[in-house]
Amino acid sequence: MNIPSGWKLKHIQNDFETFSGGTPNTKNDEYYKGTIPWIRSTEINQKIITETEKNISLEGLNNSSAKMVYPGYVLLALYGATAGEVAITNIEGAINQAVLAINAKNNASSNDYLYYYLSYHKDRIINKYVQGGQPNLSGGIIKNLLYLSPPRKEQQKIASILSTWDEAIEKYQNLLEQELRLMHSLKYIFFKEKESWMKTNLKSISRVVTGSTPPTSEEKYYHGNYVWVTPTDISEEKYISDSERKLSEEGFSKSRRLPAGTLLITSIASIGKNAILKVEGSCNQQINAIFPSENHSNEFLYYYLTYHKNDLLRYATTTATAMINKSTFEKIPIYVPELKIQKQIADILSLQDEKISSIRNMIIQLQEQKRGLMQLLLTGKVRV
């Protein structure tokens with residue numbers, strides 16, 4: 001490892017104190033009726049900890065190995081679903097045994113810098129200490145990790161630069177939440193049952209086709225250029241133009257060909273995931289393809305069915321894997337206005353969708369930029 005001039009390679013314990021906490025006796029309800037925020041590993045899922053789901057009492061703290069932490073401490077989840085995640089607490093509270101607290105011993109080191117250093121190296125740390133498929137971290141492992149330590153002023157500058165990107169990401173994430181709430185409100189206004197709208201079903205206003213899967217044992221049917229959509233390919237975006245797995249020319253000829261503009265909706269397992277196919281392609285049998293008649297808009301139906309996703313679930317079977325068969329799916333009642341109104345509604349929601357998509361893309365770009373900056377700044381390739 002090349003150590004930049006003026007930097008040192010140290011064990012974390014050289015510059016930081018570390019300790020984990022504990023859990024008050026869960027059989028004593030009085031221990032959980034206090035006002036001390038109780039920080040558990042499940043809450044180490046964001047940069048700043050500002051609140052907790054549960055509190056404990058002073059008695060619970062004093063009669064357990066739970067330990068207090070204070071604003072500015074770095075917290076690391078040792079195990080569980082969030083193992084390896086790092087956060088900074090903005091509140092005074094107590095931690096449980098699955099959380100490791102880290103705090104600088106003196107003014108030579110920066111908690112904020114270490115937060116970013118551990119965040120950047122999370123995957124490396126996790127991969128090195130996986131046993132039985134699960135991360136197996138401990139306070140001893142973390143405090144003995146080696147880290148690159150620049151002079152404190154440089155640590156502070158690095159943390160400040162990366163914080164600027166965090167603030168921008170948070171700004172756009174807040175904006176995204178606002179626009180998603182607006183989208184929900186618009187759908188609510190548009191899709192409340194209208195007495196003037198016609199009550200019908202999908203079979204009456206469209207043709208419904210269930211997708212298919214060419215034999216997976218035949219490699220010749222796959223690894224081509226034709227999009228083959230499965231439920232895992234459908235995300236929160238309205239349009240879909242790519243798929244994880246693709247079909248060859250021969251595989252495509254064995255599938256149900258779908259033109260661009262086809263509305264796709266999952267009908268098995270993850271019921272109600274929608275997308276509009278942007279290119280010619282096909283889909284598997286977990287998806288129904290909808291071809292609206294000339295008097296109905298695929299964009300309107302996309303938004304309508306997305307909004308009424310929970311209503312669709314009422315028609316699913318209650319077997320181990322939820323599903324709606326094609327016959328039942330076609331008969332699900334829906335309400336539709338005249339085509340002109342359908343298009344007007346779809347246009348308004350599409351504009352809102354474009355705004356949401358643009359914000360999501362900005363967040364992705366900022367996250368990629370931050371990752372690139374971390375690689376440069378935390379290795380000393382770029383000095384500040």
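## Close-up views of a predicted model

**View 1. Ala 269 counts as partly exposed, at 43% relative accessibility.** Like every view here, this close-up comes from a predicted model. Why does Ala 269 count as partly exposed? Partly exposed residues lie between the limits of 20% and 50%, and Ala 269 has a value of 43%. To find this alanine, look in the loop between β19 (263-266) and β20 (274-277). Its backbone is worth a look too: Ala 269 is not a glycine, and yet its phi is positive, at about 65 degrees.

**View 2. His 223 is a non-glycine residue with a positive phi.** The angle is about 65 degrees. Where does His 223 sit? This histidine belongs to strand β16, which covers residues 222-229. His 223 counts as exposed because its relative accessibility is 61%, and the exposed class begins over 50%.

**View 3. Phe 191 and Tyr 304 form an edge-to-face ring pair.** The whole structure holds 15 aromatic pairs, and this view shows one of them. Why is this pair called edge-to-face? The ring centres of Phe 191 and Tyr 304 are 5.5 Å apart and the planes meet at 75 degrees, so the pair belongs to the edge-to-face class, which takes in planes over 60 degrees apart. Phe 191 is part of helix α6 (residues 152-191) and Tyr 304 is part of helix α9 (residues 298-307), so their pairing ties together parts of the chain 113 residues apart in sequence. Are the two partners buried or exposed? Phe 191 is buried, with 2% relative accessible area, and Tyr 304 is buried as well, at 5%.

**View 4. Tyr 302 and Tyr 303 make another edge-to-face pair.** From centre to centre the two rings are 4.9 Å apart, and their planes stand at 75 degrees. Tyr 302 and Tyr 303 are both buried.

**View 5. Five aromatic residues are linked into a cluster by ring pairs.** Which residues belong to the cluster? They are Phe 191, Trp 197, Phe 300, Tyr 304 and Tyr 307. You have already met Phe 191 and Tyr 304 as an edge-to-face pair.

**View 6. Helices α6 and α9 pack against each other at about 100 degrees.** The axes of α6 and α9 are 10 Å apart. How are the two helices oriented? Roughly perpendicular covers angles from 65 to 115 degrees, and α6 and α9 are therefore roughly perpendicular to each other. On the α6 side, the contact is made by Met 183, His 184, Lys 187, Tyr 188 and Phe 191. Their partners on α9 are Phe 300, Tyr 303, Tyr 304, Thr 306 and Tyr 307. Lys 192 is in the loop between α6 and β14 (198-201). This lysine is partly exposed, with a relative accessible area of 41%. The C-alpha atoms of Lys 192 and Tyr 307 are separated by 10.0 Å, although the two residues are 115 residues apart along the chain.

**View 7. Helix α9 also crosses helix α12 (residues 339-377).** The two axes come within 8 Å and cross at roughly 65 degrees, and α9 and α12 are therefore roughly perpendicular to each other. Is the crossing left-handed or right-handed? For α9 and α12 it is left-handed. Glu 299, Phe 300, Tyr 302 and Tyr 303 of α9 meet a group of α12 residues, among them Gln 342, Ile 345 and Leu 349. Ile 345 of α12 is buried, with a relative accessible area of 5%. Leaving out residues up to four places away in sequence, Ile 345 touches Phe 190, Phe 191, Trp 197 and Phe 300.

**View 8. Two arginines sit over aromatic rings.** Arg 207 lies over the face of Phe 291, at 4.4 Å from the ring centre. The charged end of Arg 245 sits over the ring of Tyr 222, 4.0 Å from the centre.

**View 9. Val 86 is a buried residue, with a relative accessible area of 5%.** This valine lies in strand β8, residues 86-89. Which residues does Val 86 contact, apart from neighbours within four places in sequence? They are Ile 44, Gln 46, Val 74, Leu 75, Leu 76, Tyr 115, Leu 118 and Ser 119. From C-alpha to C-alpha, Val 86 and Tyr 120 are 9.9 Å apart in space, and they are 34 residues apart in sequence.

Definitions and conventions:
Residues numbered from 1 in each chain as written. Predicted model: local features only at pLDDT ≥ 70, side-chain atom pairs only at ≥ 80, totals over all residues. Heavy atoms only, no water. Phe/Tyr/Trp six-rings, centres within 6.5 Å; stacked < 30°, edge-to-face > 60°. Helix = DSSP H or I, 4+ residues; strand = E, 2+ residues; numbered from the N terminus. Buried < 20%, exposed > 50% of the residue type's maximum accessible area, 1.4 Å probe, protein only. Lys NZ or Arg CZ within 6 Å of the ring centre and 35° of its normal. Axes fitted to C-alpha atoms, helices over the stretch in contact; angles between N-to-C directions. Parallel < 35°, antiparallel > 145°, perpendicular 65-115°, else oblique. Left-handed = near helix turned anticlockwise from the far one by under 90°. Contact = heavy atoms within 4.5 Å.
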